[in-house]
Amino acid sequence: MKLNTLVKSSLLAPMGLAALVSAAPASADQEYLLTITRPGQLHVIDMATNAVARSCDIPGAFGTGSIALAPNGRTAYVLSNMTEDVYGISIESCDINFHAAQSQGNVRVKSVQSITVSTDGTELYTVQNPVRQLPDRFEILEPKLAVYRIADGMGAKPVRSFPVERRITKIAATETGEVILGGADVTAINPRTGAVRMVTALQSWDRGPLWAPPDAFAMHSQGEQSNEYIMPYATARFEDESMNMETAQWWWGMSRVNLKTGEAERMETVPFEFIVFNFVTDPRDSNILYGSFNTLSKHDLSKHETVAVRDMEHTYYNLNISADGKTLYVGGTSSDISIHDSDTLEKTGSIQLSGDMTTSDLRIATIRD
């Protein structure tokens with residue numbers, strides 16, 4: 001495979017690795033599958049029946065479909081208005097209880113996927129990419145992490161902000177009070193002091209000339225069932241310093257962060273055989289990963305093997321899994337969510353939505369009464 005081909009492909013991919021998460025027992029908790037479709041609706045799907053319970057209108061033009069969940073599962077925070085505004089929407093009533101307009105005056109602010117909520121549910125974080133629009137030019141301003149107080153509700157303004165690196169997309173809050181930032185490397189920021197630490201070096205790793213720089217995929221972060229954050233990447237190990245692409249070993253790898261501890265592991269996982277757009281861990285076994293794109297795949301990290309592959313009817317960018325680990329939901333791209341048995345990957349059903357999901361997240365909200 002040519003390097004250029006791999007690099008382009010790996011921009012559309014993810015993958016997995018070792019062990020961090022413990023089994024999640026089945027429970028009577030209510031699980032809802034959430035996604036967004038064009039032109040602007042948040043769909044709440046009851047996972048007990050796989051029926052759409054309600055569809056909530058989202059103000060503003062479609063953004064990217066990025067969703068962050070309140071810890072109690074009752075509110076979904078979404079990026080809208082071409083990724084400039086954040087809305088908090090009750091998944092039980094569709095009432096809007098939070099709104100932050102990030103653009104002000106002649107400064108246009110975009111957030112690329114980056115939205116998350118603190119684990120105590122009091123603060124919302126997003127990485128802002130501001131541009132000042134002047135009469136004769138655009139002035140690119142420095143990106144920053146903006147902190148909002150959720151209790152401020154409608155018309156919320158940032159209460160703190162800190163400079164961050166460029167290229168940050170998906171982010172996640174840890175139980176230790178940090179925010180994981182997925183960019184060229186995986187870093188973590190203290191949202192009270194602005195202190196940043198390296199979590200996993202990727203573009204800045206130094207593994208010698210026999211390893212190609214990793215190409216990370218930073219689109220979706222949906223590890224709520226295993227309390228983790230996955231940054232997949234593709235890389236190659238050359239036979240010698242001639243760096244022959246034809247004889248190199250091509251690998252998927254990933255940096256996986258335990259959101260309980262903030263600790264991470266990075267490793268090559270399975271050979272790069274096909275494109276995967278998103279990965280999710282089986283909550284029963286952290287060595288088992290599932291991936292989706294043109295295929296639905298199952299991978300055993302302990303053996304560095306892909307153990308099952310199923311061709312899909314069309315491309316699906318995204319997938320998630322039930323808390324008991326038995327059911328996979330594969331969505332994104334089009335207007336249908338495909339349902340599969342996680343043991344066999346056999347299709348067991350589908351959910352038709354009113355519009356296409358394109359790049360939207362596929363998140364699972366759990367309400368514990």
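The chain has one helix and 30 strands, and the model you're looking at is predicted. Here are some exercises to work through with the structure open.

**Exercise 1: Overall build**

Task: Work out whether the radius of gyration of the chain agrees or disagrees with that of a compact globule.

Solution. Start with the expectation: for 369 residues, a compact globule would come out near 21 Å. The chain has 20 Å, so the two agree. For the extents, look along the principal axes, where the C-alpha trace spans about 55 × 50 × 40 Å. Next, check burial: 54% of the 369 residues count as buried. Finally, take the contacts between residues at least 6 apart in sequence; 53% of these join residues at least 24 apart.

**Exercise 2: The disulfide**

Task: Find which cysteines form a disulfide, and determine whether it is left-handed or right-handed.

Solution. Search the whole structure and you get one disulfide. The usable cut-off is a sulfur-sulfur distance within 2.5 Å. Cys56 and Cys94 pass, with their sulfur atoms 2.1 Å apart. Now place the two ends: Cys56 sits in strand 3 (residues 51-57), while Cys94 is in the loop between strand 6 (85-90) and strand 7 (96-101). They are 38 residues apart, so the pair links distant parts of the chain.

For handedness, take the torsion about the S-S bond of Cys56 and Cys94: about -70°, which means the disulfide is left-handed.

One last step is accessibility. Buried means under 20% relative accessible area. At 0%, Cys56 is buried, whereas Cys94, at 23%, is partly exposed.

**Exercise 3: The largest nonpolar core**

Task: Identify which residues of the largest nonpolar core touch the most other members, and where the largest share of this core comes from.

Solution. The core has 17 residues, and Leu34, Leu42, Ile67 and Ile91 are the ones touching the most other members. Go through the elements that supply two or more residues: strand 1 (30-37), strand 2 (41-46), strand 4 (67-69), strand 5 (75-80), strand 6 and strand 30 (363-367). Strand 1 gives the largest share, three residues.

Zoom in on Ile67. Skip residues up to four places away in sequence, and Ile67 still touches Leu34, Thr35, Ile36, Leu42, Ala76, Tyr77, Val78, Asp361 and Arg363. Apart from this core lies another one, of 14 residues, among them Ala68, Tyr77, Ile115 and Tyr148.

**Exercise 4: Around Ile36**

Task: Decide whether Ile36 is buried or exposed, then list what Ile36 is in contact with.

Solution. Locate Ile36 first: it lies in strand 1. Its relative accessible area is 2%, so Ile36 is buried. Ignoring neighbours within four places in sequence, the contacts of Ile36 are Gln41, Leu42, Ile58, Phe62, Gly65, Ser66, Ile67, Val78, Asp356, Met357, Ser360 and Asp361. As a distance check, try Thr64: 28 residues from Ile36 in sequence, and 8.8 Å away in space, C-alpha to C-alpha.

**Exercise 5: Strand 22 and its hairpin**

Task: Find how many residues of strand 22 are buried, and which residue in strand 23 is the bridge partner of Phe279.

Solution. Strand 22 covers residues 278-282, and five of the five are buried, so this strand is largely enclosed by the rest of the structure. Strand 22 pairs with strand 23 (residues 285-292) in the antiparallel sense, over five bridges. Two residues sit between them, and together the strands form a hairpin. Follow the ladder to Phe279 and you reach its partner Gly291.

**Exercise 6: Two open sheets**

Task: Work out the strand order of the open sheet that holds strand 26, then do it again for the one that holds strand 14.

Solution. Begin with strand 26. The order is 26-27-28-29, with antiparallel pairing. Strand 26 (318-321) and strand 29 (347-352) are the edges, each pairing on one side only. The twist averages 20° from one strand to the next. Four bridges join strand 26 to strand 27 (residues 327-331), and Asn320 has Tyr329 as its bridge partner.

Now strand 14. Here four strands run in the order 14-15-16-17, again antiparallel. The edges are strand 14 (171-173) and strand 17 (196-200). Neighbouring strands of this sheet are turned by 25° against each other on average, direction ignored. Inside it, strand 15 (residues 179-182) and strand 16 (residues 186-189) share four bridges, with Leu181 standing opposite Thr187.

Notes
Residues are numbered from 1 along each chain as its sequence is written. This is a predicted model: local features need pLDDT of at least 70, side-chain atom pairs count only at pLDDT 80 or more; totals for chains, interfaces and linings use all residues. Side-chain values use heavy atoms; hydrogens and water are left out. Buried means under 20% relative accessible area, exposed over 50%, partly exposed in between (1.4 Å probe, protein chains only). Two strands pair if DSSP finds at least two bridges between them. Axes are lines fitted to C-alpha atoms, for helices over the stretch in contact, and angles run from 0 to 180 degrees between N-to-C directions. A nonpolar core is a set of buried Ala, Val, Leu, Ile, Met, Phe, Trp, Tyr and Cys residues joined through side-chain atoms within 4.5 Å. Contact means heavy atoms within 4.5 Å. The radius of gyration is taken over C-alpha atoms; the globule rule is 2.2 Å times the number of residues to the power 0.38.
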